[in-house]
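Biologist: Before we discuss any labels, could you show me the sequence and the model, so that we can go through the reasoning together?

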Amino acid sequence: MSMRIRTSALTALTVAALAAGTVATAPAAGAAPKAAAPKFLSASELPPHPTSSWTAGPVTEGFPEGLGFCVSTEGVPSYDYRHREFRTDLDTGAVQLTVVTSTAALAKALAKHYDDLIRTCADRIEEADPDVQAEGRDYGSLPVEEGARVRGLHTETSWGASDIALLSVGQDGRTVTVVQWGQMGDFGDAPVAAFKKTTTTAVKKLY
């Protein structure tokens with residue numbers, strides 16, 4: 001994943017995500033009709049890193065594996081998924097996902113589904129692996145387009161590996177975007193204010 005969780009912890013997170021697919025009921029709908037593709041964040045719009053610049057990868061079709069520990073496609077229809085990954089020269093990474101549905105109502109339901117998965121992710125992680133402790137935090141909603149919410153997730157293994165992630169879900173019309181930032185550390189290392197700005201930009205920039 002983008003925030004480089006150690007191998008053992010990552011395995012537990014992936015298992016938790018697969019199990020999470022049966023928790024929420026996704027709207028029954030097929031792929032959305034083709035329309036203008038949503039735009040993505042640029043590297044300069046990520047929270048600034050104190051010692052390394054961000055590099056943006058290409059916009060790629062499909063669902064990013066880097067989101068699989070908390071957010072997945074399990075139980076969700078075959079929507080139009082696209083993503084972009086970002087990295088620094090150090091142990092910090094990010095990813096943005098966009099999902100185009102067929103109606104704004106379906107997008108609203110999907111945004112809630114993803115936010116619920118993120119909100120409950122810490123509990124699922126601990127249930128999947130007793131060697132990992134996890135804590136989630138709610139950093140509140142943002143008044144952008146149809147709305148966005150920012151949350152944090154800290155994981156620590158029994159051998160001392162500590163990772164922090166910030167995740168957000170936002171909606172503009174019939175499109176949902178998920179942004180994740182992560183690195184080694186804890187909640188004290190999370191650039192919450194800057195990530196909120198990044199999330200606001202991500203939602204506004206979609207169209």
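Modeller: Let us begin with a definition: rings of Phe, Tyr and Trp, the last by its six-membered ring, form an aromatic pair if their centres lie within 6.5 Å. This is a predicted model, and a search of the whole structure finds one aromatic pair.

Biologist: What makes phenylalanine 63 and tyrosine 81 an aromatic pair, and why is it called edge-to-face?

Modeller: The two ring centres are 5.5 Å apart, and the limit is 6.5 Å, so they count as a pair. Their planes meet at 85°, and an angle over 60 degrees is called edge-to-face, so that label applies.

Biologist: Why does the pair tie together parts that are apart in sequence?

Modeller: Phenylalanine 63 lies in the loop between strand S2 (60-61) and strand S3 (80-87), whereas tyrosine 81 belongs to strand S3, so the pair joins parts that are 18 residues apart in sequence.

Biologist: How do you know whether phenylalanine 63 is buried, partly exposed or exposed, and what about tyrosine 81?

Modeller: Phenylalanine 63 has a relative accessible area of 21%, and because buried means under 20% and exposed means over 50%, that value falls in between and is called partly exposed. Tyrosine 81 has 10%, which is under 20%, so tyrosine 81 is buried. Proline 77, found in the loop between S2 and S3, has 13% and is therefore buried as well.

Biologist: What makes serine 168 in strand S7 (residues 162-172) count as buried, and which side chain does its own side chain meet in a polar contact?

Modeller: Serine 168 has a relative accessibility of 1%, and the cut-off is under 20%, so serine 168 is buried. Its side chain makes a polar contact with the side chain of threonine 199 at 2.8 Å, which is within the limit of 3.5 Å for such a pair of N or O atoms. Leaving aside neighbours within four places in sequence, serine 168 is in contact with residues including Arg149, Val179 and Phe195.

Biologist: Why are the buried residues of helix H3 (residues 121-128) said to lie on the same side?

Modeller: The buried residues of H3 are Cys121, Ala122, Arg124 and Ile125. They cover an arc of only 165° around the axis, and this puts them on the same side of H3. The face turned away from that side carries the exposed residues Asp123 and Glu127.

Biologist: How do you know that the charged end of arginine 137 sits over the ring of phenylalanine 187?

Modeller: The charged end of arginine 137 is 3.8 Å from the centre of that ring, and the distance part of the definition asks for within 6 Å, so this part is met. The definition also asks for a position within 35 degrees of the ring normal, and the pair is listed as sitting over the ring.

Biologist: Which residues touch the most other members of the largest nonpolar core, and where does the largest share of this core come from?

Modeller: Of its 28 residues, Tyr114 and Leu153 touch the most other members. Strand S4 (92-100), helix H2 (104-119), H3, strand S5 (132-142), S7 and strand S8 (175-184) each supply at least two residues, and the largest share, seven residues, comes from H2. A second, separate core of 21 residues includes Trp54 and Val192. Among the residues that tyrosine 114 touches, not counting those up to four places away in sequence, are Phe63 and Tyr81, which brings us back to the aromatic pair.

Methods. Residues are numbered from 1 along each chain as its sequence is written. This is a predicted model: local features need pLDDT of at least 70, side-chain atom pairs count only at pLDDT 80 or more; totals for chains, interfaces and linings use all residues. Side-chain values use heavy atoms; hydrogens and water are left out. Buried means under 20% relative accessible area, exposed over 50%, partly exposed in between (1.4 Å probe, protein chains only). Helices (H or I, at least four residues) and strands (E, at least two) are DSSP runs, numbered from the N terminus. The arc is that of the directions from the helix axis to the C-beta atoms. Rings of Phe, Tyr and Trp (its six-membered ring) pair if their centres lie within 6.5 Å; planes under 30 degrees apart count as stacked, over 60 as edge-to-face and the rest as tilted. A polar contact is a pair of N or O atoms within 3.5 Å; within protein, one must be able to donate a hydrogen and the other to accept it, and residues adjacent in sequence count only if both atoms are side-chain atoms. Contact means heavy atoms within 4.5 Å. A nonpolar core is a set of buried Ala, Val, Leu, Ile, Met, Phe, Trp, Tyr and Cys residues joined through side-chain atoms within 4.5 Å.
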